[in-house]
Protein chains: 2
Amino acid sequence: MTIDYAGEVLQGSPRAVARVISWLENENERARPCMGRLYPHTGKAYIVGITGSPGTGKSTLTDKLTRHIRAKGLTVGIIAVDPSSPFTGGAVLGDRIRMSEIAQDPGVFIRSMATRGFLGGLSQSTGKVVNVLDASGKDVIIIETVGVGQDEVEIMRIADTTCLVLAPGLGDAIQSMKAGVMEIADIYVINKSDRQGADQLFVEVSHRVNQDDLIRAKSRDRSWIPLVVQAAAVNDVGVTDILDAVLSHQSHLKKDGTFVEKRRERTQQQTLQMIHYEIFSLLRKHLSESGKMEQLVDAIMNHEQDPYSVVQQVLSEWIRVPEE
Amino acid sequence: MTIDYAGEVLQGSPRAVARVISWLENENERARPCMGRLYPHTGKAYIVGITGSPGTGKSTLTDKLTRHIRAKGLTVGIIAVDPSSPFTGGAVLGDRIRMSEIAQDPGVFIRSMATRGFLGGLSQSTGKVVNVLDASGKDVIIIETVGVGQDEVEIMRIADTTCLVLAPGLGDAIQSMKAGVMEIADIYVINKSDRQGADQLFVEVSHRVNQDDLIRAKSRDRSWIPLVVQAAAVNDVGVTDILDAVLSHQSHLKKDGTFVEKRRERTQQQTLQMIHYEIFSLLRKHLSESGKMEQLVDAIMNHEQDPYSVVQQVLSEWIRVPEE
């Protein structure tokens, strides 16, 4: 008996969702036709990104936020992405959430993801997992990711609303701001607001957000002035304020047309990434299986060819730019 | 008068080196032929990677280490890579070094780099900058990078010897170990060894390094047991020990053939990355300039096509598998 996994995902089966995500992770060829069937049913979920340094309390915040969203009768998908575990392949994020009550709630689906593959591609896989959860009927999808690198920025581009979580005493809040990471945030959460230094951090961040033309000029949406919210997620303080801020950003996006524009941009980016990924995978597979890669590396190592001419040679053999 | 930039780089001109690196950063078409000419003159420099969280004292360590290497009569190139500033494009790292004495030393070349471009590619650009500095005759190249993400791991793969800098009181050392980042290190530097908690950190890390089969089994070179060195770089304490550890790792690599193997692996990885990058540039340029991308995104947004069939369509138009 053949199981219709795409059909089951559309019915909301968590087992089928888990299976299809595993196919995506393992680059199983069954993923492609399945994703093709799911795609027309995507675009309904609202996507929230939560990022921040280790120790800011992102997991606790995700947990509490999920409870509040569930209390409104909405279902939630959580994707915990950990780009910092490239070797072990085991995601550290998400473990805490999996051990909490919400893991038992059938209206919540939780998945951890770690870096796989040769050239990152984590934002691409995350985008596909979002599509699966979206097609399965989840109303809100939360992407939780750690850190402040390029991976996280790419991942956060998938979200409709991005929350950057900061906490006092970590000493990197202002450094983050300087480094430009702040620019991806629609909402700043000053978490652990009961700790020493939280008020000062709140004042500093608010000041920067409201004053710094650079941040606003470079942010994705110039008409939105980011909100700064204080919270102590562990005691469930301020979590409804965060949810209100997300809803406020959502209605802002929908009012001025930015929402469709952002979704269009994301579709373009995802499609381009997929095309790129497929071409490169095909090429790499062929080059290694045919022994051609070994030959080329030999030629470079023996200084018979330089890598720049090798690249041109491979491209001219493989790529045919279609005429219009 | 046409200036022969490749020729000047080979003569060691810092002005020409800076110019060629700028071409690489700005994707100027003059970079390619120039890099082709430089490549045959690469492979002589020894490449040291220095990574660690913010606040561990990497820049100070790089500064002191450079002085000791210079005292041996060797020249140094320093590349400070900051993957955490994707938007501003302004690197924070390296600023401290540029303000120090070594910036005045003609035997030292310092360059900061931040993330550019759509798909990361920072390790690729770093590899190219290493090639330029190598061809210019620098004996040792130090790559300094912040953090623990995938970007940093990719960048550290370029190095012959990788030092992971830890410091007491930051609370993330053991978390790093868990996340698998420790596995990239050939040498662990416990910096700020005069501070409280340094001895305990030293004991913990030494214990993990010597006991943890997982770390050794997954490390790049199974026959090398990483060294753990204590230092207080700001007071120039332990810096010669770090240099000795690097030399010890270097002679280990050369003795058992791992050195050539690693360089070969790096060449293969760099070539694949360049192919990856070139394909993407070509695709993006052509699809956007021809208006084709807009059409495809329209079709997806209107649910006339799904992105998976779009990808297959583009692939069938673009790819020609060469016959062997």
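**Exercise 1. Outline chain A and its confidence.**

Task: State how many helices and strands chain A has, and say where the confidence is lowest and highest.

Solution.
Step 1. Chain A contains 14 helices and 7 strands. The model is a predicted one, with an ipTM of 0.74 and a pTM of 0.72.
Step 2. The mean pLDDT of chain A is 83, and 83% of the residues reach at least 70.
Step 3. By element, helix α10 (residues 213–218) of chain A has the lowest confidence, with a mean of 53, while helix α1 (residues 5–10) of chain A has the highest, at 96.
Step 4. Residues 85–91 of chain A have a pLDDT below 50, yet this stretch makes 23 contacts in the model beyond near neighbours in sequence. Where pLDDT is low, predicted coordinates should not be read in detail.
Step 5. As for packing, 52% of the 324 residues of chain A count as buried. Of the contacts in chain A between residues at least 6 apart in sequence, 73% link residues at least 24 apart.

**Exercise 2. Describe the domain boundary in chain A.**

Task: Give the domain limits of chain A and the composition by class of the side of domain 1 that touches domain 2.

Solution.
Step 1. Domain 1 of chain A covers 41–256, and domain 2 covers 257–324.
Step 2. Between them, 10 residues of domain 1 of chain A are in contact with 10 residues of domain 2 of chain A.
Step 3. On the domain 1 side, α6 (122–135) and α11 (239–255) of chain A each contribute at least two of the touching residues.
Step 4. Sorted by class, that side of domain 1 of chain A consists of 2 nonpolar, 3 polar and 5 charged residues.

**Exercise 3. Place strands β6 and β7 of chain A, and Val189(A), in the core.**

Task: Find how β6 and β7 of chain A are joined, which faces of β7(A) are covered, and which residues Val189(A) contacts.

Solution.
Step 1. Strand β6 (residues 187–190) of chain A runs parallel to β7(A), and 4 bridges join the two. Within this pair, Tyr188(A) is opposite Val228(A) of β7(A).
Step 2. In a regular strand the side chains alternate between the two faces of the sheet. For strand β7 (residues 227–230) of chain A, Leu227(A) and Val229(A) lie on one side, Val228(A) and Gln230(A) on the other; all are buried, and both faces are covered.
Step 3. The largest nonpolar core has 170 residues, and Val189(A) and Val189(B) have the most contacts inside it. Helix α12 (residues 258–289) of chain A supplies the largest share of this core, 8 residues.
Step 4. Apart from neighbours within four places in sequence, Val189(A) contacts Leu61(A), Cys163(A), Val165(A), Leu166(A), Val229(A), Ala231(A) and Ile242(A).

**Exercise 4. Trace the surroundings of Gly52(B).**

Task: Decide whether Gly52(B) is buried or exposed, then follow the strand pairing from β1(B) to β5(B) and on to β6 of chain B.

Solution.
Step 1. Gly52(B) belongs to strand β1 (residues 46–52) of chain B. Gly52(B) has 29 other C-beta atoms within 10 Å; the cut-off for a buried residue is 20 or more, so Gly52(B) is buried.
Step 2. β1(B) and β5(B) are parallel and pair over 5 bridges; Val165(B) in β5(B) is the bridge partner of Gly52(B).
Step 3. Leaving out residues up to four places away in sequence, Gly52(B) touches Lys58(B), Leu164(B), Val165(B) and Leu166(B). From Gly52(B) to Cys163(B) the C-alpha to C-alpha distance is 8.4 Å, although they are 111 residues apart in sequence.
Step 4. Strand β5 (residues 161–166) of chain B is largely enclosed by the rest of the structure, because 6 of its 6 residues are buried. Thr161(B), Cys163(B) and Val165(B) are on one side, with Thr162(B), Leu164(B) and Leu166(B) on the other.
Step 5. β5(B) also pairs in the parallel sense with strand β6 (residues 187–190) of chain B, over 4 bridges. Here Cys163(B) is opposite Ile187(B) of β6(B).

**Exercise 5. Contrast two residues with positive phi.**

Task: For Lys192(A) and His303(B), decide which is buried and which is exposed.

Solution.
Step 1. Lys192(A) has a phi near 55°, positive in a residue other than glycine, and sits in the loop between β6 and α9 (198–211) of chain A.
Step 2. His303(B) has a phi near 60°, again positive in a residue other than glycine, and sits in the loop between α13 (292–301) and α14 (307–318) of chain B.
Step 3. Lys192(A) is buried, with 26 other C-beta atoms within 10 Å, whereas His303(B) counts as exposed, with 12 C-beta neighbours inside 10 Å.

Definitions and conventions: Residues are numbered from 1 along each chain as its sequence is written. Chains are lettered from A and ligands numbered from 1 in the order in which they are written. This is a predicted model: local features need pLDDT of at least 70, side-chain atom pairs count only at pLDDT 80 or more; totals for chains, interfaces and linings use all residues. Two strands pair if DSSP finds at least two bridges between them. Domain bounds come from an automatic or database domain assignment. Two residues are in contact if their C-beta atoms, placed from the backbone, lie within 7 Å. Ala, Val, Leu, Ile, Met, Phe, Trp, Tyr, Cys and Pro count as nonpolar, Asp, Glu, Lys and Arg as charged, and the others, Gly among them, as polar. A nonpolar core is a set of buried Ala, Val, Leu, Ile, Met, Phe, Trp, Tyr and Cys residues joined through C-beta atoms within 7 Å. pLDDT is the predictor's confidence in each residue, from 0 to 100.
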